[in-house]
Amino acid sequence: MITPSALKKLAAKHGTPLFVVDHAELRANYAMFKKYLPRVQAYYAVKANSDPAIVRTLYQAGASFDVASMPEFQTVYENIKHLPAKERQDWIWDKIIYANPIKPVETLRELNQYKPLVTFDNFEEIKKIKKFAPQAGLVLRLKVPNTGAMVELSSKFGASPGEAVDMILEADRLGLTVEGISFHVGSQTTNFENYVQAIALSSNIFNEAKDRGYNKMNLLDIGGGFPAPYDSSVKPFRELAKVINGELDRLFPTGVQILAEPGRFLCATTGTAVSKIVGKALRDGKLCYYINDGVYHTFSGVIFDHCHYHLKSFKKGPTQICSIFGPTCDALDVVSMAENLPDLELDDLLYSEQIGAYSHASSTYFNGFPPATVVHVNQK
Ligand SMILES: *Cc1c(COP(=O)(O)O)cnc(C)c1O
């Protein structure tokens, strides 16, 4: 972790709002994922933080990638474009999954040349893939319980278990190859039971497909959802890994390749935001600080990610409950209604830790305020 004094120095050098990415932390998170889930190939979900430097560090560490748009594909591709054509093709085969179940026709047309692995969850998509990307390998996205996840995804994506094998057989009838099953248990899943149920559901689909004559599946993608350690209520990763490993070994013996698409788990703890107090007012007896970063910028996760970030002060002293507002004129731009902070002055700095996922990636230029400056530390 970056120390407060190092943060202060970086803010003095680069100004605020500042978004600091610690690449040593990123490498450590990736190493931890590999250590506790040795059977699982980790495809970093680029949408969690698509900064090219983050993608590069993970590429260097040996990660694979989950992309969901052509720009994300390009960000990954930048790292391999120097490779000879054959090697590049093999790398894409082995290390990229296009995991957006809905793909525009233009995207499929472009993807086809790379023969990528792509997910699908409906009959219309099978027809589209057949017509515009017949060289792609298919992975069926299954709808699974998202109980207790901070961000639930099951209402938007996933074939229901009852129709899954019909879809697999239809793809097969059209001459496409369904290589396996994927699911997503919901982001920041602290309810480990979701993984247990999803792995069991997937196993049922494998068996039903075999019973109905389809034998070509050899891949299980257990998706994202691995929780970041935002607070002490999140159980250690090794406990979740133990549950997952047990279920994988029981229901998916060797021979089936296991993938995962961790996003938040890899990048959440790598990011720290530093902002400056640009206004101060007393409203209805409550102290209100206005800072130069907000929910249209690095704190976008307050809105899009249902996340709450704490703000810390570099100063000590008796604290009181106060509100923190972003810089725009929109009433929505509220970072927190209850932070415990000492009495601060204009130009004092605040910082927020563990803000590396689903934050800077969805910054806007709303109201004329640009996204925070990004600084990378501990890059190799
Ligand atoms: C967003 C997303 C992920 C990453 O989810 P996390 O909860 O951040 O790990 C993985 N796979 C798919 C298909 C996604 O949409």
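I looked first at R264 and the ligand: a backbone N or O atom of R264 lies 2.8 Å from an oxygen atom of the ligand. I count a polar contact as a pair of N or O atoms within 3.5 Å; within protein, one must be able to donate a hydrogen and the other to accept it, and residues adjacent in sequence count only if both atoms are side-chain atoms. Taken alone, the ligand exposes 390 Å², and the protein buries 92% of that. Areas are Shrake-Rupley values with a 1.4 Å probe; for residues, only the protein chains shown count as cover.

I noted that this is a predicted model, where local features need pLDDT of at least 70, side-chain atom pairs count only at pLDDT 80 or more, and totals for chains, interfaces and linings use all residues. Residues are numbered from 1 along each chain as its sequence is written, and side-chain values use heavy atoms, with hydrogens and water left out.

Next I checked the side chains. A polar side-chain atom of K47 sits 2.8 Å from a ligand oxygen atom. For H184, a polar side-chain atom is 3.0 Å from an oxygen atom of the ligand.

Then I listed the shell. The ligand is surrounded by 14 residues, the closest being K47, S187, E261, R264 and Y358. Near means a heavy atom within 4 Å. By class I get four nonpolar, five polar and five charged residues. Ala, Val, Leu, Ile, Met, Phe, Trp, Tyr, Cys and Pro are nonpolar, Asp, Glu, Lys and Arg charged, and the others, Gly among them, polar.

Which pocket does the ligand take? The ligand's space is the largest pocket. A molecule sits there if more than half of its atoms lie within 2 Å of the grid points. On a 1 Å grid over the protein atoms alone, a pocket is an open set with protein on both sides within 12 Å along at least five of seven lines; a cavity is a set of points where a 1.4 Å probe fits but cannot get out; lining residues have an atom within 4 Å of a point.

The largest pocket has a volume of about 600 Å³. Of its 33 lining residues, K47, L153, F157, H184 and Y358 are closest to the centre. The lining has 14 nonpolar, 10 polar and nine charged residues.

I also looked up the largest cavity, with a volume of about 30 Å³. Its lining is R141, L142, K143, V144, N146, L153, S154, F157 and H184.

Last, the backbone. T16 and P17 are joined by a cis peptide bond, with omega about -5°. K115 is a residue other than glycine with a positive phi, near 45°.

Methods. Grid points are joined across faces, edges and corners, and a volume is the space filled by probe spheres set on the points.
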